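Biologist: Please show me the model, and then we can go through its salt bridges and its core.

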Amino acid sequence: MQATQQNFQNDKPLQPTGMSGPTVAATAILLPAEEQARASLYSLVAHLLLAPPQAALLDSLAQADTISSEALDDGVDALEAAWEKLVLVAGIMDADAVREEFNALFIATGTPLLNPHESLYVSGFMMDRPLAALREDLRGMGLARRAGAVELEDHLGSLCETMSLLITQGRPLSLQRQFFEDHIANWAGPCLDDICNAEGANFYRHLANVVDAFLQLEKEAFDMEPGIE
């Protein structure tokens with residue numbers, strides 16, 4: 001099963017990733033278990049935010065194991081609880097229902113109910129200066145939007161996909177932290193709150209809770225390593 005729809009490509013080709021249980025195995029380099037877990041969760045989140053899950057992925061999620069504290073280090077109680085609820089709702093809803101919810105929340109001929117883009121949340125306008133700054137940062141890392149990609153680079157799903165790439169490529173933690181702080185941490189919270197509070201959000205409300213708990217864990221981990229290189 002493909003983990004993401006791969007909005008980005010890079011100068012150093014990666015093998016495609018595939019799902020194994022609740023996570024997606026990192027294949028670019030041999031990573032420690034905790035780094036594989038981080039990349040896997042970012043990749044899964046990216047897929048679910050960029051497109052509704054196919055039935056096979058939803059079934060896999062419904063049968064997923066609990067998130068292990070050994071895999072993701074300390075402070076995961078909130079993430080474990082949110083994950084268990086997402087797994088439960090994945091076993092209750094079918095793929096058609098999740099797709100209808102996704103379309104109602106994120107797809108519209110005019111302005112969608114929800115627009116999870118950095119530019120909108122940071123500056124108040126789509127395709128504004130934050131997107132230009134992001135594209136410059138991506139170029140500096142050798143990353144580019146894949147031809148035919150539907151969503152902009154500053155979509156929250158695209159940003160999570162980028163984080164997964166940075167981890168699987170073994171990029172320095174300092175670079176990962178800088179990208180996280182510059183393009184995710186400063187706006188994702190209000191965006192996830194909007195998803196949670198949106199009328200009709202069910203599956204995606206639980207996904208937003210998982211993402212929020214995970215990003216809080218990431219922030220705490222980065223803050224504990226001020227001297228990372």
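**Salt bridges and core**

Modeller: Asp-223 and Lys-219 form a salt bridge, with the closest N and O atoms 2.9 Å apart. A salt bridge here is a side-chain nitrogen of Lys or Arg within 4 Å of a carboxyl oxygen of Asp or Glu. This is a predicted model, in which local features need pLDDT of at least 70 and side-chain atom pairs count only at pLDDT 80 or more, while totals for chains, interfaces and linings use all residues. Residues are numbered from 1 along each chain as its sequence is written, and side-chain values use heavy atoms, with hydrogens and water left out.

Biologist: By about how much of the helix are Asp-223 and Lys-219 separated in α11?

Modeller: Helices (H or I, at least four residues) and strands (E, at least two) are DSSP runs, numbered from the N terminus. Asp-223 and Lys-219 are four residues apart in helix α11, so their separation is about one helical turn.

Biologist: Is Lys-219 buried, partly exposed or exposed?

Modeller: Buried means under 20% relative accessible area, exposed over 50%, and partly exposed in between (1.4 Å probe, protein chains only). The relative accessible area of Lys-219 is 39%. Lys-219 is therefore partly exposed.

Biologist: Which residues are joined into one network by salt bridges that share partners?

Modeller: Side chains of opposite charge can pair when their charged atoms come close. Through shared partners, the salt bridges join into one network Glu-35, Arg-38 and Glu-218.

Biologist: How many residues apart in sequence are the parts that Glu-218 and Arg-38 tie together?

Modeller: The side chains of Glu-218 and Arg-38 meet in a salt bridge with an N to O distance of 2.8 Å. Glu-218 lies in helix α11 (residues 203-223) and Arg-38 in helix α1 (residues 33-50), so the pair ties together parts whose separation in sequence is 180 residues.

Biologist: Does Glu-218 count as buried or exposed?

Modeller: The relative accessibility of Glu-218 is 5%. At that value, Glu-218 counts as buried.

Biologist: Which element gives the most to the largest nonpolar core?

Modeller: A nonpolar core is a set of buried Ala, Val, Leu, Ile, Met, Phe, Trp, Tyr and Cys residues joined through side-chain atoms within 4.5 Å. The largest one has 64 residues, and those with the most contacts inside it include Phe-179 and Leu-215. With 11 residues, the element that gives the most to this core is α11.

Biologist: Which residues does Phe-179 touch, not counting those up to four places away in sequence?

Modeller: Contact means heavy atoms within 4.5 Å. With residues up to four places away in sequence not counted, Phe-179 touches Leu-134, Leu-138, Met-141, Leu-159, Thr-162, Met-163, Leu-166 and Ile-184.
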